[in-house]
Amino acid sequence: MSLTVTRDRFPLREVFTISRGSKTEAAVLTVTASGGGVNGRGECVPYARYGESLDSVAAEIAALPPDLDRVALQGLLPPGAARNAVDCALWDREAKLAGRPVWQLAGLGAPAPVTTCFTLSLDTPERMRAAAARAAGRPILKIKLGTEDDMARLEAVRAGAPKARIVVDANEGWTAEVYSALAPHLARLGVALVEQPLPAGADGMLAEIARPVPVCADESCHDRASLSDLRGKYDMVNIKLDKAGGLTEALALREAAKAEGFGIMVGCMVSSSLSMAPAFLVAQGAEVADLDGPLILAEDREPPVRYAGSVMQVPDRTLWG
C-alpha cells in the first residue's frame, strides 16, 4: 500500500470570519491510500491554532511507513490533522476492499439524515442581523462571536431570526469577566449552547462561575486524554476529526465522553464533503451537529454531500465510506 498527498483549495461563497481572522477558501490536504487495485481517500485541514500547516502535516504523512493499518497508525502519529486524513483514507480503502460500508465495519447502526447548524461568521451587528434574517428559516444557527462587544451582535441575530435555536461560538475570545456579564443574557435570548468561551488552558474559572446555558469544550477537547481536565467545567464536548486524529479516535471519544456524562456535539473545520462524510457517522445521535462546511463553499467535491435545507443526507459511498 502507498500513501499520496495532494493539496486542494475550495473557494468560499463569501468571506468567513471568526475572532482569529478571516478566510476566503478552504485549503485542505487529500490523502489517497492505494493498494490492491483500490483507493481510499481522506481529507484534513491543518490548523495554525494547533501549530499545523499544509507543509508540516504533509511532512508528517510522508514520513509514515508504506504498509500500515489503522491500529498501527494510532501509535505513529499524535491526534491531529495528519492522522485524521490517513485514518479516514484507510477506513475508506478497507470498506472498498470488503465491499461493505464503513458503518458496518465499525459496528454502527445504519446512519440517518442529520440536522446541522448553519454558521454565521463574525461581522457588525447590522450585517449579522441581515445574515440571520436570510437564514431565519433554518432551525439552528451557530454564530461566531468572541469580542468584548458581542452583546449587540447577539441581540441583532436574535432579532433577525426570532425562532431559530442559537449556538454561540466564542472561539476562546472572551475573558471570565466578559462571559459572566453575557451569561444571563444568553439564557434570556434563548441560546442553546456556548462553545469555548475562555481560552483552552485558562478555563478553570468555568468550574467556579455560573453556567446558565450548557458550555461545550472545543479547543479544550481533542481526544480521550482531554476528558479528565474537562470535568466540572464543561457540559458538552465538540468532537472534530481533525482534532481527534480520525474516525477511529472520534468514535472512541464519543463513547468515552458519553460514559462520563458529557453531551455530544460534532463539528468540522471549513472543509469539503470528503471531511463531512466520516464526521456524519460520529454525529449519529449527537445533541448538536455542526457539519455545514459544504454549505459555505462555492465549489465542492463530486459527488458532494446533499443537504435538504439544514438536513444533511446520507453521503454517497462513491464519495467516501
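User: In this predicted model, is Ser226 buried or exposed?
Analyst: Ser226 is found in the loop between strand 9 and strand 10. Leaving aside neighbours within four places in sequence, Ser226 is in contact with Ser220 and Cys221. Its relative accessibility is 12%, and buried means under 20%. Ser226 therefore counts as buried.

User: Which residue of strand 10 is the bridge partner of Ala217?
Analyst: Strand 9 and strand 10 pair in the parallel sense, and two bridges connect them. Within strand 10, the residue bridged to Ala217 is Val237.

User: How many bridges pair strand 10 with strand 11?
Analyst: Strand 11 covers residues 263–266 and pairs with strand 10 in the parallel sense. One of the bridge partnerships links Met236 to Gly263 of strand 11. The number of bridges between strand 10 and strand 11 is four.

User: Which residues cover the two faces of strand 10?
Analyst: Strand 10 spans residues 236–239, and both of its faces are covered. Met236 and Asn238 are buried on one side. On the other side, the buried residues are Val237 and Ile239.

User: By about how many degrees does helix 7 bend, and at which residue?
Analyst: Helix 7 comprises 13 residues, 176–188, and reaches 19 Å from its first C-alpha to its last, close to the 18 Å expected at 1.5 Å a residue. A proline, Pro184, follows the bend within four residues. The bend is about 35°, at Leu182.

User: Which elements do the buried residues of helix 7 pack against?
Analyst: The buried residues of helix 7 are Ala176, Val178, Tyr179, Leu182, Ala183 and Leu186. Their packing partners include one helix, helix 6 (151–160). The strands against which they pack are strand 7 (165–169), strand 8 (191–195) and strand 9 (215–217).

User: Which residue just after helix 7 takes a positive phi?
Analyst: Helix 7 ends at residue 188. Just after this helix, a positive phi of about 75° is taken by Gly190.

User: Why is helix 10 described as largely enclosed by the rest of the structure?
Analyst: Helix 10 runs over residues 273–282. Its buried residues are Ser273, Leu274, Ser275, Met276, Ala277, Pro278, Ala279, Phe280, Leu281 and Val282. The helix is largely enclosed because the buried residues number 10 of the 10.

User: Which residues does Pro125 touch, not counting residues up to four places away in sequence?
Analyst: Pro125 is found in helix 5, residues 125–134. With a relative accessible area of 22%, Pro125 is partly exposed. Its C-alpha atom is separated by 9.7 Å from that of Asp149, which is 24 residues apart along the chain. The residues that Pro125 touches are Ala152, Arg153 and Ala156.

User: Which residue in the turn between strand 2 and strand 3 has a positive phi?
Analyst: Strand 2 (residues 21–35) and strand 3 pair in the antiparallel sense over seven bridges, and Ser34 has Asn39 of strand 3 as its bridge partner. Strand 3 covers residues 38–44 and is mostly covered, with five of its seven residues buried. The two strands form a hairpin with two residues between them, and the turn residue with a positive phi of about 65° is Gly36.

User: Which strands stand at the edges of the sheet with the order 4-14-13?
Analyst: Three strands form this open sheet, and the pairing is antiparallel. Each edge strand has a single partner strand, so one side of each is left without a neighbour in the sheet. The edge strands are strand 4 (114–115) and strand 13 (307–308).

User: Which residue in strand 14 is the bridge partner of Ala308?
Analyst: Strand 13 and strand 14 (residues 311–312) run antiparallel and are joined by two bridges. In strand 14, the partner of Ala308 is Val311.

User: What is the geometry of the aromatic pair formed by Tyr47 and Tyr50?
Analyst: The structure holds two aromatic pairs. The ring centres of Tyr47 and Tyr50 are 5.4 Å apart, and their planes stand at 65°. Planes over 60 degrees apart count as edge-to-face. The pair of Tyr47 and Tyr50 is therefore edge-to-face.

User: Over which rings do the charged ends of Arg70 and Arg138 sit?
Analyst: The charged end of Arg70 is 3.5 Å from the centre of the ring of Trp91, over which it sits. The charged end of Arg138 is 4.2 Å from the centre of the ring beneath it, that of Phe118. The rings are those of Trp91 for Arg70 and Phe118 for Arg138.

Key. Residues are numbered from 1 along each chain as its sequence is written. This is a predicted model: local features need pLDDT of at least 70, side-chain atom pairs count only at pLDDT 80 or more; totals for chains, interfaces and linings use all residues. Side-chain values use heavy atoms; hydrogens and water are left out. Two strands pair if DSSP finds at least two bridges between them. Rings of Phe, Tyr and Trp (its six-membered ring) pair if their centres lie within 6.5 Å; planes under 30 degrees apart count as stacked, over 60 as edge-to-face and the rest as tilted. A charge sits over a ring if NZ of Lys or CZ of Arg is within 6 Å of the ring centre and within 35 degrees of the ring normal. The expected span of a helix is 1.5 Å times one less than its number of residues. The bend at a residue is the angle between axes fitted to the seven residues ending there and the seven starting there. Buried means under 20% relative accessible area, exposed over 50%, partly exposed in between (1.4 Å probe, protein chains only). Contact means heavy atoms within 4.5 Å.
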